[in-house]
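Here are a few short exercises to work through with the model open beside you. Try each task before reading its solution.

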Amino acid sequence: RRFLALKHAAILRYARYTKAALLIQTNFRRHRAMVDLLHQVSDIILCQAVVKRFLAFQLVKLKRATMSKTQQPETIIEENKAATAIQTCFRGYRDFVRFIMKLFSAIQIQTAVRGYQTRCYLQRLKQEEERMSLQNAAATAIQSCFRGYQDFSTLIIMQHFVCEIQARVRGHQVRCRLREFKRGKRQR
């Protein structure tokens with residue numbers, strides 16, 4: 001029975017460790033995928049910003065080349081519009097990068113917290129396993145003592161009944177001999 005109990009405890013321990021390992025792996029893979037996604041998105045945004053800037057400069061150059069000196073006030077207005085568009089794009093990019101960095105920080109904090117929670121969970125499982133092994137050892141000792149007591153009680157009771165049966169048989173034999181002895185005296 002002890003072997004079966006230990007085997008069952010080992011199976012439960014293995015199942016708990018497997019569950020904890022899967023939880024850790026899942027969280028790590030989720031974190032790694034999120035980090036990869038954030039890097040890809042920031043690279044895409046950076047490329048888009050570079051291309052938009054290049055296109056804005058090309059547009060400004062084209063406008064300057066096609067304008068005559070009489071159109072200078074309009075040129076300034078258009079350059080201001082272009083500068084405003086570039087600034088808008090840059091500020092949008094900068095805000096997005098800040099958002100991505102905050103998101104990345106939040107993900108790292110969540111990863112650390114989940115790792116801590118998983119370590120605490122594993123520690124609780126180990127403590128529970130130790131407690132269960134102590135309880136199993138105590139239960140085994142109690143059962144062993146109780147079975148020994150039962151066997152001893154059964155032995156004492158059986159010895160009592162054996163002695164009683166032997167006494168009755170001997171008493172019966174003695175009474176039979178006594179009857180025969182009395183019959184033998186009467187016949188003489």
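## Exercise 1: Bridges between helices

Arg16 and Glu128 form a salt bridge through their side chains, with 3.7 Å from N to O. Bear in mind that this is a predicted model.

Task: Which helices hold Arg16 and Glu128, and how many residues apart in sequence are the parts that the pair ties together?

Solution.
- Step 1: Place the partners. Arg16 belongs to helix H1 and Glu128 to helix H2, so the bridge ties together parts 112 residues apart in sequence.
- Step 2: Check their cover. Arg16 is among the buried residues of H1, while Glu128 is partly exposed at 32% relative accessibility.
- Step 3: Look for another link of this kind. Arg13 makes a salt bridge with Glu129, whose closest N and O atoms are 2.2 Å apart. This pair also joins distant parts of the chain, with Arg13 in helix H1 and Glu129 in helix H2, 116 residues apart.
- Step 4: Put them in context. Searching the whole structure gives four salt bridges.

## Exercise 2: The setting of Glu129

Task: Is Glu129 buried or exposed, and which residues is Glu129 in contact with, leaving aside neighbours within four places in sequence?

Solution.
- Step 1: Read the accessibility. Glu129 has a relative accessible area of 19%; the cut-off for buried is under 20%, so Glu129 counts as buried.
- Step 2: List the contacts. With neighbours within four places in sequence set aside, Glu129 touches Arg13, Arg16 and Tyr17.
- Step 3: Compare with its bridge partner. Arg13 is partly exposed, at 29% relative accessible area.

## Exercise 3: One turn along H2

Task: How are the rings of Phe96 and Phe99 arranged?

Solution.
- Step 1: Locate them. Both Phe96 and Phe99 are in helix H2 (residues 72-187), three residues apart, or about one turn of the helix.
- Step 2: Recall the helix geometry. Residues three or four places apart point the same way because an α-helix has 3.6 residues a turn.
- Step 3: Classify the pair. The ring centres of Phe96 and Phe99 are 6.3 Å apart and the planes are at 40 degrees, so the pair is tilted.
- Step 4: Find a salt bridge with similar spacing. Arg98 and Asp95 form one, with closest N and O atoms 4.0 Å apart; these two are three residues apart in H2, about one helical turn.

## Exercise 4: A nonpolar patch

Task: Which residues make the nonpolar surface patch of about 330 Å²?

Solution.
- Step 1: Name the members: Met34, Leu37, Phe99 and Leu103.
- Step 2: Assign the elements. H1 and H2 each give two or more residues to the nonpolar patch.
- Step 3: Check two members. Leu37 is partly exposed at 43% relative accessible area, and Phe99 is partly exposed at 46%.

Definitions and conventions:
Residues numbered from 1 in each chain as written. Predicted model: local features only at pLDDT ≥ 70, side-chain atom pairs only at ≥ 80, totals over all residues. Heavy atoms only, no water. Phe/Tyr/Trp six-rings, centres within 6.5 Å; stacked < 30°, edge-to-face > 60°. Helix = DSSP H or I, 4+ residues; strand = E, 2+ residues; numbered from the N terminus. Buried < 20%, exposed > 50% of the residue type's maximum accessible area, 1.4 Å probe, protein only. Patch = residues over 30% accessible without salt bridge, like charges linked within 9 Å, V, L, I, M, F, W, Y side chains within 5 Å. Areas by Shrake-Rupley, 256 points an atom, 1.4 Å probe, with all protein chains shown as cover. Contact = heavy atoms within 4.5 Å.
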